[in-house]
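Take a moment to turn the structure around on your screen before reading on. We will walk through it together, one region at a time.

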Amino acid sequence: MIIMYEAEVAFYTFLRVILYLLSIQQLRTLERANQKALVAKGEISEESAAAYEGGRKLHEKLVGLCTALAELLLVALPELQETQEEKK
């Protein structure tokens, strides 16, 4: 029983790190950069728009994969909270 609990905690921590660091943080960084460019120039470059779209698709794919893994392991996905920096 203790081993199962430790495995669940480790899995939960792993999912939080993967979802946050690889997709959400990068996506929000791109979103902020695009917003600044939109305000400064009135438009977003094709490269920036493509990078954001790629990041959004990566985020969706990661969430889907993590959801499937969580279902196989019979655990719930963790809720991710925004940090103060992300709320700005």
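Let us begin with Leu-72, which lies in helix H2. Is this residue buried or exposed? Leu-72 has a relative accessible area of 70%, and because anything over 50% counts as exposed, Leu-72 is an exposed residue. It has company, too: Leu-69, Leu-72 and Leu-73 make a nonpolar surface patch of about 290 Å². Keep in mind as you look that this is a predicted model.

Now let your eye travel along the helix that holds Leu-72. Helix H2 covers residues 46–73. With 28 residues at 1.5 Å a residue, H2 should span 40 Å, and its end C-alpha atoms are indeed 40 Å apart, so expectation and model agree. Just after H2 comes Leu-74, whose phi is positive, near 60 degrees.

Which residues of H2 are buried? They are Gly-55, His-59, Leu-62, Cys-66 and Ala-70. Some of these names return when we turn to the nonpolar core. The largest one has seven residues in all: Phe-11, Leu-15, Ile-18, Leu-62, Cys-66, Ala-70 and Val-75. Helix H1, residues 2–41, and helix H2 each supply at least two residues of this core. There is a broader pattern to compare this with: in soluble globular proteins, nonpolar side chains tend to be buried together.

Helix H1 has another residue worth finding. Asn-34 lies in helix H1, and with a relative accessible area of 8% it is buried, because the cut-off for buried is under 20%. What does Asn-34 touch, leaving aside residues up to four places away in sequence? The answer is Ile-44, Ser-48 and Tyr-52.

Next, look for charged partners. How many salt bridges does a search of the whole structure find? It finds two. In one of them, the side chains of Arg-56 and Glu-53 meet, at 2.2 Å from N to O. Both residues lie in helix H2, three residues apart, which is about one turn of the helix. In the other, Glu-60 and Arg-56 meet through their side chains at 2.4 Å, N to O. This pair also lies in helix H2, four residues apart, again about one turn of the helix. Since these salt bridges share partners, Glu-53, Arg-56 and Glu-60 are joined into one network.

How open to the surroundings are the members of this network? Arg-56 counts as partly exposed, at 27% relative accessibility. Glu-53 is partly exposed as well, with a relative accessible area of 29%, and Glu-60 is partly exposed at 46%. These values fall in the partly exposed class because it lies between the buried cut-off of 20% and the exposed cut-off of 50%.

Finally, step back and view the whole chain. The protein chain has three helices and zero strands, and from the N terminus on, its elements run α-α-α. Of its 88 residues, 18% are buried. The chain exposes about 6900 Å², and carbon and sulfur atoms supply 61% of that area. What about contacts between residues at least 6 apart in sequence? Among these, 78% join residues at least 24 apart.

Methods: Residues are numbered from 1 along each chain as its sequence is written. This is a predicted model: local features need pLDDT of at least 70, side-chain atom pairs count only at pLDDT 80 or more; totals for chains, interfaces and linings use all residues. Side-chain values use heavy atoms; hydrogens and water are left out. Buried means under 20% relative accessible area, exposed over 50%, partly exposed in between (1.4 Å probe, protein chains only). Contact means heavy atoms within 4.5 Å. Accessible areas come from the Shrake-Rupley method with a 1.4 Å probe; for residues, only the protein chains shown count as cover. A nonpolar core is a set of buried Ala, Val, Leu, Ile, Met, Phe, Trp, Tyr and Cys residues joined through side-chain atoms within 4.5 Å. A salt bridge is a side-chain nitrogen of Lys or Arg within 4 Å of a carboxyl oxygen of Asp or Glu. Patches are made of residues with over 30% relative accessible area and no salt bridge: like charges are joined within 9 Å, nonpolar side chains (Val, Leu, Ile, Met, Phe, Trp, Tyr) within 5 Å. The expected span of a helix is 1.5 Å times one less than its number of residues.
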